[in-house]
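Me: I'm new to reading protein structures. Could you pick one part of this one and take me through it slowly?

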Amino acid sequence: MTGERQASAPISVSAQRLSVHAAGRDWILERTADMESLWDEMDQAAFGEDERLPYWAEVWPASLLVCLWLEREKNFLRGRRCLDLGCGLGLTALVGAWLGAEVLALDYEPRALGFARRNARINLEPDESARVLWTVMDWRAPGLREQGFSRIWGGDILYEKRFFVPLERLFRHCLEPGGEIWLGEPERTVSRSVWDRLTELGWRTEIILRDKVAYGGQNQTVRLWRITR
């Protein structure tokens, strides 16, 4: 895996550019320039049931491991319908589209998708960018086609126990027969029981990658899980 990349100076009042190396090439990702204000503006209402913290504005090591796997699977991905869950700034969706997949990229936060669209314009050719549909959607109530995706992926999306039930329901609804789910996850206590619970519900789980990933001051051991029926 690649080492840490430093962010450049802000390019405008509202945006900052990050350089990220993933899937064998460099990506430029825009995000909000004032991260402190983004966190400060989270009022008490944001810390209710949804706890809408601005995790979307970061690049997480788990997503970099997902990108590595997408690059390895590029021959399969070409032309396939894929679902990116919690896409944030858009990195994994951009990699998927660049490799030829037809990607539906979901996030709960409209601001995240605003930056993701900008990042598509920065990094992809028009025909590649057209392969991504950026959609604001709550995975607790998804309006998605049944068995509509051959691959589903996400980077570090099971960091809360309360996410398990809606995500498992979404997996069951959206994954086509013979499909696979790829989840990048740093080794942490909170998600330790997830894999046993999935097995109890009839899923097969296995670790297909495990690596030390450094980025943005983070240095985490990350595992990539494959989930199948």
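Reply: Let's take a close look at strand β4 and then work outwards to its surroundings.

One thing to keep in mind is that this is a predicted model. To get your bearings, the chain holds eight helices and nine strands. It has 229 residues, and 51% of them count as buried.

Now find β4, which covers residues 102–107. Is this strand enclosed or open? Five of its six residues are buried, so β4 is largely enclosed by the rest of the structure. Buried here means under 20% relative accessible area.

Who sits beside it? On one side is strand β3, residues 81–85, joined to β4 by five bridges, and the two run parallel. You can pick out individual pairs: R81 has E102 of β4 as its bridge partner, and C82 is matched with V103. To get from β3 to β4, the chain passes through helix α4, residues 91–98, and this β-α-β crossover is right-handed.

On to strand β5, residues 132–136. Five bridges link this strand with β4, and again the two run parallel. Try locating A105, whose bridge partner in β5 is W134. While you look along a strand, a handy rule is that in a regular strand the side chains alternate between the two faces of the sheet.

Let's zoom out to the sheet. β4 belongs to an open sheet of seven strands, ordered β5-β4-β3-β6-β7-β9-β8, with mixed pairing. β5 and β8 (204–215) stand at the edges with a single partner strand each, so one side of each has no neighbour in the sheet. On average, neighbouring strands here are turned by 20 degrees against each other, ignoring direction.

Helices pack on this sheet too. Helix α2, residues 61–72, touches β6 (149–155), β7 (175–186), β8 and β9 (218–228), and its direction makes about 50 degrees with that of β9. Helix α7, residues 164–174, packs on the sheet as well, touching β3, β6 and β7, with its direction at about 150 degrees to that of β7.

Remember α4 from the crossover? Helices α2 and α4 pack at an angle of about 10 degrees, with their axes 9 Å apart. Angles under 35 degrees count as roughly parallel, and α2 and α4 are therefore roughly parallel to each other. From α2, the residues S63, L64, V66, C67 and L70 meet L91, T92, V95 and G96 of α4. The residues of this contact divide into six nonpolar, three polar and no charged.

One last stop is S150, which lies in strand β6. Its relative accessibility is 3%, so S150 counts as buried. Compare its position with that of C82: S150 and C82 are 68 residues apart in sequence, yet 6.0 Å apart in space, C-alpha to C-alpha. Leaving out residues up to four places away in sequence, S150 touches F76, R80, R81, L175, E176, G179 and E180. You've met R81 already, as the bridge partner of E102 in β4.

Links between distant stretches of sequence show up in the whole chain as well. Among contacts with a separation of 6 or more, 68% come from residues 24 or more positions apart.

Key: Residues numbered from 1 in each chain as written. Predicted model: local features only at pLDDT ≥ 70, side-chain atom pairs only at ≥ 80, totals over all residues. Heavy atoms only, no water. Buried < 20%, exposed > 50% of the residue type's maximum accessible area, 1.4 Å probe, protein only. Helix = DSSP H or I, 4+ residues; strand = E, 2+ residues; numbered from the N terminus. Pairing = 2+ DSSP bridges. Right-handed = clockwise from strand over helix to strand, strands pointing away. Axes fitted to C-alpha atoms, helices over the stretch in contact; angles between N-to-C directions. Contact = heavy atoms within 4.5 Å. Parallel < 35°, antiparallel > 145°, perpendicular 65-115°, else oblique. Nonpolar A, V, L, I, M, F, W, Y, C, P; charged D, E, K, R; others polar.
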